Amino acid sequence: MANQVQDLTPDEVSKGVAEGRYLLVDVREPNEVDAGAYPYGVVVPLSTFDPKAIPDPQGKEVVFACRSGKRSVTASLAAQAAGLPYDKHLAGGMLGWKAAGLPSKVGG
């Protein structure tokens, strides 16, 4: 089976996180996160990405997120290559998140 990444909308991710179904993994760099972070996100920067650094999702589905939706796909594919079933990402990233009017916080 070929690796693939499922696009989720900002509203789907926000709802899933609020309901405790998703663990949001932010793969942006620390300076980007400082400027605006996802609420309840876990930061695992792509520049030093190691799928083993992702905390145990404890039954939740992992959803990757970045600024625009490109690095989150890269992270998902890297995690799948490492044998992890993490095949979801936030389409549109932080740009889409803010465009949807969803809250962000300053300072990861």
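At 3% relative accessibility, Arg 28 counts as buried, where buried means under 20% relative accessible area, exposed means over 50%, and partly exposed covers what lies in between (1.4 Å probe, protein chains only). This is a predicted model, so local features need pLDDT of at least 70 and side-chain atom pairs count only at pLDDT 80 or more, while totals for chains, interfaces and linings use all residues. Residues are numbered from 1 along each chain as its sequence is written, and side-chain values use heavy atoms, with hydrogens and water left out.

Back to Arg 28, then. This arginine sits in the loop between S2 and H2; such labels follow DSSP runs numbered from the N terminus, with helices (H or I) of at least four residues and strands (E) of at least two. Leaving aside residues up to four places away in sequence, Arg 28 touches a long string of partners, including Val 33, Gly 36, Tyr 38, Cys 66, Arg 67, Arg 71 and Met 94; a contact here means heavy atoms within 4.5 Å. From Arg 28 to Gly 101, 73 residues further along the chain, the C-alpha atoms are separated by 20 Å.

Now for the chain as a whole. Its secondary structure comes to 4 helices and 5 strands, and from the N terminus on the elements run β-α-β-α-β-β-α-β-α. The radius of gyration is 12 Å, close to the 13 Å that the globule rule gives for 108 residues, so the chain is as compact as a globular protein of that length. That radius is taken over C-alpha atoms, and the rule itself is 2.2 Å times the number of residues to the power 0.38. Taken along the principal axes, the C-alpha atoms fill a box of roughly 35 × 25 × 25 Å.

Buried residues make up 42% of the 108 residues. Of the contacts between residues at least 6 apart in sequence, 66% join residues at least 24 apart. On the outside, the accessible surface comes to about 5600 Å², and 53% of it belongs to carbon and sulfur atoms; these areas come from the Shrake-Rupley method with a 1.4 Å probe, and for residues only the protein chains shown count as cover. As for charge, there are 11 positive and 12 negative side chains, and the centres of the two sets lie 3 Å apart. Lys and Arg count as positive and Asp and Glu as negative, with His and the chain ends not counted, and each charge is placed at NZ of Lys, CZ of Arg, CG of Asp or CD of Glu.

Helix H1 (residues 10-18) has two faces worth a look. Pro 10, Val 13, Gly 16 and Val 17 are buried in this helix. They cover an arc of only 135 degrees around the axis, which puts them on the same side of H1; the arc is that of the directions from the helix axis to the C-beta atoms. Turned away from that buried side is the face with the exposed residues Lys 15 and Ala 18. The cover over the buried residues includes strands S1 (6-8), S2 (22-26), S4 (61-65) and S5 (88-90), along with helix H4 (93-99). Just after H1, Gly 20 takes a positive phi of about 80 degrees.

Strand S2 supplies two further residues to follow. Leu 24 is found there and is buried, with a relative accessible area of 1%. Among its contacts, not counting residues up to four places away in sequence, are Val 13, Val 17, Tyr 38, Tyr 40 and Val 63. The C-alpha atoms of Leu 24 and Val 13, 11 residues apart along the chain, are separated by 8.0 Å. Asp 26 is also found in S2, and at 2% relative accessibility Asp 26 counts as buried. With the same sequence neighbours left out, Asp 26 touches Val 33, Tyr 38, Val 42, Val 43, Val 44, Pro 45, Ala 65 and Cys 66.

A couple of loop residues have unusual backbones to report. Tyr 40 has a positive phi of about 65 degrees although it is not a glycine. This tyrosine lies in the loop between helix H2 (30-35) and strand S3 (42-43), and at 67% relative accessibility it counts as exposed. Gln 58, not a glycine either, has a positive phi of about 50 degrees. Its place is in the loop between S3 and S4, and Gln 58 is exposed, with a relative accessible area of 69%.
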